[in-house]
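Trainee: I should like to understand how the descriptive terms applied to a model are justified. May we go through them one at a time?

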Amino acid sequence: DPTKPATDEEIRKLAENLSQDLLDKLKTTTSDEEAANIEQEVWDAWLVSGSATVDILMKRGLEAQEEGDKDMAREMFDRAIIIKPKYAEAWNRRALLFFNDGKYDEAIADLESTLTYEPRHFGAWIGLGMIFESIDRPRAALKAYRKALEVHPQPEAAVSGEKRLSRIVDGMPL
């Protein structure tokens with residue numbers, strides 16, 4: 001019935017299908033501009049949880065984060081995870097808070113949860129790469145950057161990380 005409003009679950013499924021289609025497209029794009037546009041659309045799709053309550057919590061968490069209120073942001077992301085524990089983007093956003101606080105173990109755990117629920121989350125792979133690189137685990141960092149590049153061939157952090165670490169890990173001359 002086209003007059004009946006979509007359910008939260010239908011909205012979540014549409015956003016998930018959209019993000020998967022966009023990720024497929026992102027993998028094959030060669031234009032930097034097109035890749036940037038598709039990437040933004042992927043991030044937007046990832047912010048649709050399928051729960052109006054969780055979407056509001058995420059919006060408030062992101063606003064708090066932008067305003068520098070890390071405690072409020074953390075509380076909002078924590079609540080989103082409690083309500084919808086399989087929602088990858090809530091885990092990813094909380095991981096970023098941990099990462100920025102230097103709480104790498106917590107960030108790694110949250111990024112692993114992100115990747116459990118969205119294995120093609122290039123942002124989570126890049127985050128893992130950055131953490132592993134900063135704790136002197138170049139082999140793990142390189143693997144994470146390469147996983148990100150399998151999904152999205154153009155993010156600068158992954159491209160430069162892969163280039164920098166492949167010389168070290170794969171033994172290429174400097």
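Mentor: Certainly; please keep in mind that this is a predicted model. Let us begin with helix α6, in which A107, I108, D110, L111, S113, T114 and L115 are buried. The cover over these buried residues includes α5 (88–100) and α7 (122–134).

Trainee: Why is S113 called buried?

Mentor: S113 lies in helix α6 and has a relative accessible area of 17%. Buried means under 20%, and S113, at 17%, therefore counts as buried.

Trainee: How do you know that T114 is buried?

Mentor: T114 is also placed in helix α6. Its relative accessible area is 0%, so T114 is buried. Leaving out residues up to four places away in sequence, T114 touches A88, W91, N92, H121 and A124.

Trainee: What separates the C-alpha atoms of T114 and N100, and those of S113 and L165?

Mentor: T114 and N100 are 14 residues apart along the chain, and their C-alpha atoms are separated by 17 Å. For S113 and L165, which are 52 residues apart along the chain, the separation is 25 Å.

Trainee: How do you know what span to expect of helix α6?

Mentor: The expected span is 1.5 Å times one less than the number of residues. Helix α6 covers residues 104–117, which is 14 residues, and an expected 20 Å follows. From first C-alpha to last, α6 reaches 20 Å, close to that expectation. Helix α8 (residues 138–151) likewise has 14 residues and reaches 20 Å, close to the expected 20 Å. For α7, with 13 residues, the reach is 18 Å, close to the expected 18 Å.

Trainee: What makes α7 largely enclosed by the rest of the structure?

Mentor: Of the 13 residues of α7, 10 are buried, and the helix is therefore described as largely enclosed. The buried residues are F122, G123, A124, W125, I126, G127, L128, G129, I131 and F132. Among the elements that cover them are α1, α2, α5, α6, α8 and α9.

Trainee: Which residues of α8 are buried, and what do they pack against?

Mentor: A140, A141, L142, A144, Y145, A148, L149 and V151 are buried in α8. They pack against α1 (8–28), α7 and α9 (156–169).

Trainee: Why is D136 called exposed?

Mentor: D136 is found in the loop between α7 and α8. A residue is exposed when its relative accessible area is over 50%; D136 has 64%, so the term applies. Just after α7, D136 also takes a positive phi of about 60 degrees, and this residue is not a glycine.

Trainee: Why is L47 called partly exposed?

Mentor: Partly exposed covers the values between the limits of 20% and 50%. L47 has a relative accessible area of 23%, so it belongs in that class. L47 lies in the loop between α2 (32–46) and α3 (52–66). Its contacts, leaving aside neighbours within four places in sequence, are D55, M58, L62, Y87, E89 and R93. K59 is 12 residues from L47 in sequence, and their C-alpha atoms are 8.6 Å apart.

Trainee: Turning to the protein chain as a whole, how many helices and strands are there?

Mentor: There are nine helices and zero strands. Along the sequence the pattern reads α-α-α-α-α-α-α-α-α.

Trainee: How do you know that the radius of gyration agrees with that of a compact globule?

Mentor: For 174 residues, a compact globule would have a radius of gyration near 16 Å; the protein chain has 17 Å, and the two therefore agree. The C-alpha trace spans about 65 × 35 × 25 Å along its principal axes.

Trainee: What share of the residues counts as buried, and what share of the contacts joins residues 24 or more positions apart?

Mentor: Of the 174 residues, 42% count as buried. Among contacts with a separation of 6 or more, 51% are between residues 24 or more positions apart.

Trainee: What supplies the exposed area, and how many charged side chains are there?

Mentor: The protein chain exposes about 9,900 Å², of which carbon and sulfur atoms supply 52%. There are 24 positive and 34 negative side chains, and the centres of the two sets lie 5 Å apart.

Note on methods
Residues are numbered from 1 along each chain as its sequence is written. This is a predicted model: local features need pLDDT of at least 70, side-chain atom pairs count only at pLDDT 80 or more; totals for chains, interfaces and linings use all residues. Side-chain values use heavy atoms; hydrogens and water are left out. Helices (H or I, at least four residues) and strands (E, at least two) are DSSP runs, numbered from the N terminus. Buried means under 20% relative accessible area, exposed over 50%, partly exposed in between (1.4 Å probe, protein chains only). Contact means heavy atoms within 4.5 Å. The radius of gyration is taken over C-alpha atoms; the globule rule is 2.2 Å times the number of residues to the power 0.38. Accessible areas come from the Shrake-Rupley method with a 1.4 Å probe; for residues, only the protein chains shown count as cover. Lys and Arg count as positive and Asp and Glu as negative; His and the chain ends are not counted. The place of a charge is taken as NZ of Lys, CZ of Arg, CG of Asp or CD of Glu.
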